[in-house]
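User: I would like a close look at one part of this model, followed outward into its surroundings. Please explain each term as you go, since I am new to this.

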2 protein chains.
Amino acid sequence: MAAQKKDAFDTEDIKLAAFAKALAHPARIAIMKKLAEQNVCICGEIVDVIPLAQATVSQHLKELKNAGLIQGTIEGVTSCYCINTKAVEGFDKLLTKLFKKLDKCC
Amino acid sequence: MAAQKKDAFDTEDIKLAAFAKALAHPARIAIMKKLAEQNVCICGEIVDVIPLAQATVSQHLKELKNAGLIQGTIEGVTSCYCINTKAVEGFDKLLTKLFKKLDKCC
DNA sequence: ATTGTATATCGTAAATATACGATATATTAA
DNA sequence: TTAATATATCGTATATTTACGATATACAAT
């Protein structure tokens, strides 16, 4: 029985694609790196490092947050972001699984 | 000396984002998986497995090709695609580097 | 109370992505 | 040669993304 045309995508593929989409912009990669470097959650120094307007950076932060890759909490007048390790691990897991498949091939 | 605002993104971040973008759609994840499963390069059976019109699948294939993740060659009336292992390895390398950073944090 | 600062959100313009039917192209089969 | 088949490309509609300035919000400092 060969693989048949389905009427929808696998949930796993959708999840992985969503994670990939979250990283599909250099600004968001740079944000993740910055958050990792800082080790502890940092706030809007991110804006100072990303070559985009404050509003745009805020938008990118929101997208990473929506994807679950980062968390944000308000601390007084500032906003603190940090990496959501759990989610990143989930992402890593899905990717490793994919790459393992890819390695077996060709 | 703190990190300063740059006028552009890191080349590496741009590269990684482009790879991520290539996988930022469930159809393209599914295509990669299918190509990996088939082990050898396969042709348009992909169309039979992806829940999208032939033209749309062709478009997604083109994007994966443009990103360098797959290669395509014409074999008579059919078209054969296969995974570009070199590129996938490059992607994996960049990602591993990123995730290593992320793991150190929080 | 007023001012300043950090950040999010709004409104919006422009670019890109997604999807599909229709069509073009190229090869094989009859 | 003609017909059938596989696939790419075109044209196009719609949705989403990206970016920015302007504005709102909310706290801190004066």
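Does Leu61(A) count as buried or exposed, and at what relative accessibility?

Analyst: Leu61(A) counts as buried, because its relative accessibility is 7%; here buried means under 20% relative accessible area, exposed means over 50%, and partly exposed is in between, with a 1.4 Å probe and protein chains only. The model is predicted, with local features needing pLDDT of at least 70 and side-chain atom pairs counting only at pLDDT 80 or more, while totals for chains, interfaces and linings use all residues, and side-chain values use heavy atoms, leaving out hydrogens and water. Residues are numbered from 1 along each chain as its sequence is written, and chains are lettered from A and ligands numbered from 1 in the order in which they are written.

Leu61(A) lies in helix α4 of chain A, where helices (H or I, at least four residues) and strands (E, at least two) are DSSP runs numbered from the N terminus. Beyond its neighbours within four places in sequence, Leu61(A) is in contact with Ile31(A), Ile46(A), Ile70(A) and Tyr81(A), contact meaning heavy atoms within 4.5 Å. The C-alpha atom of Leu61(A) is 7.5 Å from that of Arg28(A), although 33 residues separate the two along the chain.

Arg28(A) is placed in helix α2 (residues 26–38) of chain A, and this residue also counts as buried, because its relative accessibility is 7%. Setting aside neighbours within four places in sequence, Arg28(A) is in contact with Lys21(A), Ala22(A), His60(A), Glu63(A) and Leu64(A). Its side chain reaches the backbone oxygen of Ala22(A) at 2.7 Å, which falls under the heading of a polar contact, a pair of N or O atoms within 3.5 Å; within protein, one atom must be able to donate a hydrogen and the other to accept it, and residues adjacent in sequence count only if both atoms are side-chain atoms. A polar side-chain atom of Arg28(A) also lies 3.0 Å from a phosphate oxygen of DNA strand D.

This leads from the protein to the DNA. An N or O atom in the side chain of Glu63(A) is 3.3 Å from a phosphate oxygen of DNA strand D, and a backbone N or O atom of Ala53(A) lies 3.0 Å from a phosphate oxygen of that strand. In total, 22 residues surround DNA strand D, the closest being Ala53(A), His60(A), Gln54(B), Ser79(B) and Tyr81(B); a residue is near a molecule or strand if one of its heavy atoms lies within 4 Å of it. Helix α4(A) gives the largest share of this surface, with five residues. By class, the surface near DNA strand D divides into eight nonpolar, ten polar and four charged residues, where Ala, Val, Leu, Ile, Met, Phe, Trp, Tyr, Cys and Pro count as nonpolar, Asp, Glu, Lys and Arg as charged, and the others, Gly among them, as polar.

Turning to the other strand, 22 residues surround DNA strand C, and Gln54(A), Ser79(A), Tyr81(A), Ala53(B) and His60(B) are the closest. Of the atoms of DNA strand C that come within 4 Å of the protein, 58% are accounted for by sugar and phosphate. A phosphate oxygen of this strand is 3.1 Å from an N or O atom in the side chain of His25(B), whereas a polar side-chain atom of Gln59(B) lies 3.2 Å from a base nitrogen of DNA strand C. Here α4(B) gives the most to the surface, with five residues.

The two protein chains can also be compared. Chain B can be laid on chain A with an RMSD of 0.0 Å by a turn of 180° and a shift of 0.0 Å along the axis, superposed by least squares on the C-alpha atoms of residues with pLDDT of at least 70 in both. The two copies are therefore related as by a two-fold rotation axis, and 100% of the contact residues of chain B recur in chain A. Within chain B, the residue that comes closest to the rotation axis is Ala20(B), at 2.5 Å (C-alpha).

Finally, chain A as a whole has five helices and two strands, which follow the pattern α-α-α-α-β-β-α along the sequence. Leu61(A), with its 7% relative accessibility, counts as buried, and buried residues make up 42% of the 106 residues in chain A.
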